[in-house]
Structure formats: structure tokens, C-alpha cells
Amino acid sequence: MTKSEKKIDFEENISELERIVTELESGNVNLDDALTKFNKAYQLSKECDQKLKEVSESVNKIFTEEGKLEEFHIEEE
Amino acid sequence: MNNNRYITVSQLTSYIKYKLEQDSHLELIYLKGEISNFKANSPRYSSFTLKPAHSPISPITFATNTKSLTFVPEDGMKVLVECRIGVYEATGNYQVYVNDMMEDGIGNLYIAFNQLKEKLEKEGLFRAEHKKKIPKIPRKIGIITAPTGAAIRDILSTIKRRFPMCETILFPTLVQGELAKDDIVKKIGIANTYPLDVIILGRGGGSIEDLWPFNEEIVARAIYNSSIPIISGVGHEIDFTISDFVADLRAPTPTGAAEMCVPNRVDLINLVNQYQKRLVQIINNKIDNAYEVLNRYKNSYVLKNPMSLYEKLEQNFDYLYERLFSSIKLIINNNTNRLNKLENSYVFKNPNMLFIDKLYNYQDLVKRLNLNINNIIDNKRNNYIKLLGKLEVLNPISTLKRGYSITKVNNKTLKSVNNINIGENIKTELEDGFINSEIISIERK
């Protein structure tokens, strides 16, 4: 389902990104592998960047007494 | 009267102050009573009196640091006070300076709190190993708190500010009163049926009685048994509830809970940008290095002068060839010299030299042989002649010459007279013939 896919993308993307950067910085990667990994990592970073910059309203729901989820709007002060 | 030492009232007060403040018994006193005439005179200083008092007319004033109060004192409230005694010189009255104060009934609550805390701690409910990890970037967040009030407002606004790209579900609950604990437990249960990444359990500030539902055992166990991690943000920074201890993460306030719950979008963007920069840096470095290495090799002597590879071989070859050539020459020269030497040698030129000895030997031997042979022949001849002489002498014919004769009878030579008889015929040989006779008589010698 898209929500959990999104979640896997995001947090795992950032972890993967960090992992690749650390690996490349360690200097033990040959040039070919380095280029492949670089491309992958840069791609990930662009995806993350894009998602983060998406202007999105946070979705707030509330669990009602009837046991359903409805949209929830905070009462303004 | 005139001989006595006279002092002033202020000196007397000073002395009384000194005496009272010196007394160790008056340094720390515990009092119990009911507050009356509570006045928050300034943000820092409040005063009240404690009933039953010595005299309602000039009450003993209690002074306390308003800020240090953990609750809002009210007239009529029963309190337990830890204090020390001082003298206010201006009025000569003694004063009570309050170090600490708490509500009397509250003592029981504190005891219950500590007892439950110990009990649950012994059971291991607070152990760090049991605490679940809070996901760094949650996308679905459950919130259990009152549907109105500062807490939910602060939580939602914090999330919206920091990380709007997530979904929140509020499970509204009672947060104080007798019914609250069951409601909280129920809502934790319901929240666990949803695919949430994390739950915030929050409540605004309040007194220990207000916050009490979050110190209840069933709530603590519900938090412990929750399979979704729970961040507890109850009360103010200084409030610690059992829920805080058993939760997977404690935040000082509901806002704090929201801050710990979601990352800041701006921080994440910066982080990602940082990674991008680092990536580009790394790859550029790698490429530069690779270029450097390549150029180094391109500029290497061998690649620029590939013939140099052959040069060495050629040199080797020339060298070996020369060596071979001169070696062979040397051998040929040597052999030629030897040959010449041999050809010019005395022996070669006079081969008879080799056997001259033998020749001499041979000649010598031949001589000797001849000599010896001649000797032998001479000897033999002499011998022969001698023998011949002897033989001549011995020759019966010679004997015959000398007058002797040979007599034979029946062709057998007669040597003895015994061998013959009278009347037998004998033949006698003389040098020049034969005589045939008959025996007439025999004479023995």
C-alpha cells in the first residue's frame, strides 16, 4: 500500500543514502562501482529532496465514538 | 536601676535575632497546618499564615519563594511545611522561611507513587532493553490526549511546522478524573489496531492529582504491552509520571513529544543536500585521482617510448651476440695456436723421434740376435764337429778300418762266445767285405 511504501522509501532512502556516502568516503571502492553507487545515491537524494519539498498539508484524523475515522480540525483558540 | 546596663530596643531585637537564628533546633522545622491569608505579594515572594496559630492578631508570617512552589496554595489548603526560623528586625517578629511545602493529602499520593514505581521497576517494566525504537521518520502518528486544550493544539501545530508530510490520528480520551485511566487504556488498545508508526500520549500541565491517571498501574501496563512505540509527554518539564518511566521515550511536555516524534523537514532537506555535496565531492575526487593516475601512466617513459622496450632486448642481443662471436673467435684462435704449436713441434717434424729409441733398441736387438744366433750356430757346429769326430771314432766302420771285425750270426751281432756253438755259420764283416766261416773250436777267455 502506498503509505507504507512511502514510509519505506523515505526512511530507508535516507539510511541507504547515508550508508552509500559513508562507504564511498571510506575510499575502498573502485571507480566503476563508485560511479554506479554515486548515481544511485544521487538519485535517492533527489527523490528525498523532492518529497521533502512537496507542499503538503498534514492530514489529521480523529477516531470517533462510532469507531470511524473522520477528518479532524483543531478548534482555533 | 541606674547601675544597670541599658540597651535599645533595636539592640534587644538584634540580640533576639542572633539568638534565634543561631539555635540549631530552629534551622530546620517541619510544620503542619492550614493556609490562611495567602498572598502572592510579588512574583518571587508570597506570604501566608498557618492555622492554628499563636495569635490571630499578629500572625506569624510564612515567607516562601513563589517560584519554588509546586502547586498553587490556597486558603484552607492543608499543608506540610519544611522551614527555618528567622527574625524580621524591622518588626521584631519572628518569621518562618519556607524551604519546601506540599499539600498534606498529597503525601499519600507520593507514597503510592513511589510504591508503584518501585514495584514496576522490580518487575522490569522500565528496563531500557524493553524500550522499542522510535522510527526516525514516522508517517502515521497516533495521538492519545484530550480533543481540546493546549496539548492537542501544541502537538498538531508542532507536527505541522516540522514535518507536515505525515498523517495523525487522534484518539480522544479523558485525561483526568476517575474515569480517565480506563479510557486511556481503552484508547491505547484501539490505537494498537491501526498501522501506526508511533503513538504520542500527552497531557498538559496540572497538579499531581490532575496527572494521577498517568500514574495508574493499568495505564502503565497498557503502555508496556503496546506493540507500537509510545512517547509520553505529560505535564511540565518537572513532572515525572509512571507513564514517563514505562514509555519507550519520555518527553518533558506534549510539544516536546511532538518534537521528538517527527524530524524537522528543514533539517532533513539540509541533510540530504549535505549528502549530495559529499557525493559530488567524493566522485569528483575519485575522478581527479583516476585522471592523475592515468596521466602518470600515460606520461610514463615506457608508454611514451615504447621502443625502449625493444632497446633493452636489442642491447641484450647485441651483447650476447658479441660475446658469442668473441668466444668462438677465441676458441678458434686457441685451437689454431695449438695446432700450429703441434705442427711446429719437434716431434711432429721428426716423428722418428717417437720411435728412435725403439729403432735403436731394435737395431740393437737385431745385432745381438745375430750375434747370439751366430754364437749358437758356431756352438752347435763345434758341437757337431765334435760329435762327428766322436761318432767317427765310434763308427764301427772306422773300427773296421782299424782291423776290427763284426761277427753276426743269423744277422744278430755276436758279443759273447757263449752265444755260439761249434759248427754254426757266422758272417764276419771286414772293412772291405765279408767272410763266411764255420766254427771249429771255441776258446773262452
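The following legends describe close-up views of a predicted model with chains A and B.

**View 1. Overall make-up of chain A.** Chain A contains two helices and two strands, and these elements follow the order α-α-β-β from the N terminus. Of the 77 residues in chain A, 31% are buried. Among contacts in chain A with a separation of 6 or more, 39% join residues 24 or more positions apart. The exposed area of chain A is about 5,300 Å², and carbon and sulfur atoms contribute 47% of it.

**View 2. Ile14(A) in helix H1 of chain A.** Helix H1 of chain A spans residues 2–26 and includes Ile14(A). Ile14(A) is classed as buried because its relative accessibility is 9%, which is under the 20% limit. The C-alpha atom of Ile14(A) is separated by 9.4 Å from that of Ala41(A), a residue 27 positions away along the chain.

**View 3. The interface of chain B and chain A.** In this interface, 42 residues of chain A are in contact with 39 residues of chain B. Arg139(B), Tyr275(B) and Leu279(B) together provide 16% of the area that chain B buries against chain A, more than any other three residues. About 3,900 Å² is buried between the two chains, with 68% of this area coming from carbon and sulfur atoms. Two salt bridges are found across the interface. Arg278(B) and Glu25(A) form a salt bridge through their side chains, with an N to O distance of 2.7 Å.

**View 4. Surroundings of Arg162(B) in helix H3 of chain B.** Helix H3 of chain B covers residues 150–162, and Arg162(B) belongs to this helix. Although Arg162(B) is buried, it has no salt bridge. Glu259(B) offers the nearest side chain of opposite charge, at 5.3 Å, whereas a salt bridge requires a nitrogen-to-oxygen distance within 4 Å. When neighbours within four places in sequence are set aside, the residues in contact with Arg162(B) are Glu259(B), Val262(B), Pro263(B), Asn264(B) and Arg265(B).

**View 5. Buried residues of helix H7 of chain B.** Helix H7 of chain B comprises residues 254–261. Its buried residues are Pro254(B), Gly256(B), Ala257(B), Ala258(B) and Cys261(B). The elements of chain B that cover these buried residues include helix H3 and strands S6 (140–145), S8 (198–203), S9 (230–234) and S10 (249–251).

**View 6. Ser308(B) in helix H10 of chain B.** Ser308(B) is located in helix H10, which runs over residues 307–343 of chain B. With a relative accessible area of 13%, Ser308(B) is buried. Residues up to four places away in sequence being left out, Ser308(B) touches Tyr301(B) and Val302(B).

**View 7. A nonpolar surface patch on chain B.** Tyr346(B), Val347(B), Met353(B), Leu354(B), Phe355(B), Leu359(B), Tyr360(B) and Tyr362(B) make up a nonpolar surface patch of about 850 Å². Helices H11 (346–349) and H12 (352–394) of chain B are the elements that give two or more residues to this patch. The greatest share comes from H12(B), which gives six residues. Tyr362(B), which is found in helix H12 of chain B, has a relative accessible area of 54% and is therefore exposed, the limit for this class being over 50%.

Definitions and conventions
Residues numbered from 1 in each chain as written. Chains lettered and ligands numbered in written order. Predicted model: local features only at pLDDT ≥ 70, side-chain atom pairs only at ≥ 80, totals over all residues. Heavy atoms only, no water. Patch = residues over 30% accessible without salt bridge, like charges linked within 9 Å, V, L, I, M, F, W, Y side chains within 5 Å. Areas by Shrake-Rupley, 256 points an atom, 1.4 Å probe, with all protein chains shown as cover. Helix = DSSP H or I, 4+ residues; strand = E, 2+ residues; numbered from the N terminus. Buried < 20%, exposed > 50% of the residue type's maximum accessible area, 1.4 Å probe, protein only. Lys, Arg positive; Asp, Glu negative; His and termini not counted. Contact = heavy atoms within 4.5 Å. Buried area = accessible area lost by both parts, 1.4 Å probe.
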